[in-house]
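Student: Could you take me through one part of this model in close detail? I would like to see how two packed helices meet, and then how the surroundings fit in.

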Amino acid sequence: EAATEIRTHSVLLMLASPVFHKMFTQEMKEKQSHRIELPGKSPEEFKVLLDFLEPGTGRLQKISDANVGFLSRWSDEYCMESLHTECIDFIKEQPATVPRVVLAHCLGLHDYATSCIDHLLRSGQTDWKDCYDYPELVQRVLERTFVNVKRWHPVSPPPQPQPSYWRSQ
């Protein structure tokens with residue numbers, strides 16, 4: 001697959017990310033070539049990320065369900081704390097869904113994922129297929145199911161033998 005070239009100012013990247021800053025200021029090939037190669041990265045995602053970083057238009061961009069997943073990954077990987085915080089805040093403000101549980105799990109938001117699982121279980125959610133690729137998450141869903149079932153339907157202790165007041169002869 002041919003590489004896609006996206007032109008932008010290195011200063012923009014350096015101001016947004018300490019990782020990019022090091023690439024352009026340390027003795028690395030990016031400093032010499034004035035280029036950054038991002039193999040395996042989506043050019044479309046990078047273009048959206050750049051839109052968020054642009055001084056003139058960045059604040060006009062909105063985090064959405066369509067971009068929060070990849071923006072949170074990029075901002076975490078390249079240490080863009082402000083954007084990463086915005087992504088996490090957006091995720092936590094949205095209604096609980098199974099895809100949101102998966103995203104929260106992938107981002108390490110385990111307490112939030114657990115609260116979403118609990119909410120979805122109380123709401124009658126039964127389709128957890130989106131979680132199947134994440135064994136630890138499936139385990140958490142099962143654990144929370146057990147905890148919630150016990151909470152909703154407490155198991156009565158076994159009946160205690162009653163003292164017998166009559167004697168058989």
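Tutor: Happily! The secondary structure of this chain, which is a predicted model, comes to nine helices and zero strands. Read from the N terminus, the order is therefore simply α-α-α-α-α-α-α-α-α. Of its 169 residues, 32% count as buried. The chain exposes about 11800 Å², and carbon and sulfur atoms supply 54% of that area. As for how the sequence folds back on itself, take the contacts between residues at least 6 apart in sequence: 49% of them join residues at least 24 apart.

Now to the close look. Two packed helices are described by the angle between their axes and the distance between the axes. Here the pair is H4, residues 43–53, and H5, residues 68–77. Their axes come within 10 Å and cross at roughly 75°. Angles of 65 to 115 degrees count as roughly perpendicular, so H4 is roughly perpendicular to H5. On the H4 side, the residues that meet H5 are Glu45, Phe46, Val48, Leu49 and Phe52. Their partners in H5 are Phe70, Leu71, Arg73 and Trp74. Sorted by class, this contact has seven nonpolar residues, no polar ones and two charged ones. Glu45 in H4 and Arg73 in H5 are the charged residues, because Glu and Arg both fall in that class.

From H5, let us move a little further along the sequence. Tyr78 and Cys79 are touched by Pro18, leaving aside residues up to four places away in sequence. Pro18 lies in helix H2, residues 18–25. The C-alpha atoms of Pro18 and Met80 are 7.8 Å apart in space, although 62 residues separate the two in sequence. Pro18 has a relative accessible area of 45%, which means that this residue is partly exposed.

For a helix with more cover, look at H7, residues 98–106. Seven of its nine residues are buried, so H7 is mostly covered. The buried ones are Val98, Arg100, Val101, Val102, Leu103, Ala104 and His105. Notice that the list includes Arg100 and His105 alongside residues such as Val101 and Leu103. Arg100 also takes part at the start of the helix: a side-chain oxygen of Thr97 reaches to within 3.1 Å of the backbone nitrogen of Arg100. After H7 comes Gly108, whose phi is positive, near 80°.

How values were computed:
Residues numbered from 1 in each chain as written. Predicted model: local features only at pLDDT ≥ 70, side-chain atom pairs only at ≥ 80, totals over all residues. Heavy atoms only, no water. Axes fitted to C-alpha atoms, helices over the stretch in contact; angles between N-to-C directions. Helix = DSSP H or I, 4+ residues; strand = E, 2+ residues; numbered from the N terminus. Parallel < 35°, antiparallel > 145°, perpendicular 65-115°, else oblique. Contact = heavy atoms within 4.5 Å. Buried < 20%, exposed > 50% of the residue type's maximum accessible area, 1.4 Å probe, protein only. Areas by Shrake-Rupley, 256 points an atom, 1.4 Å probe, with all protein chains shown as cover. Polar contact = N/O pair within 3.5 Å; in protein donor to acceptor, adjacent residues only side chain to side chain.
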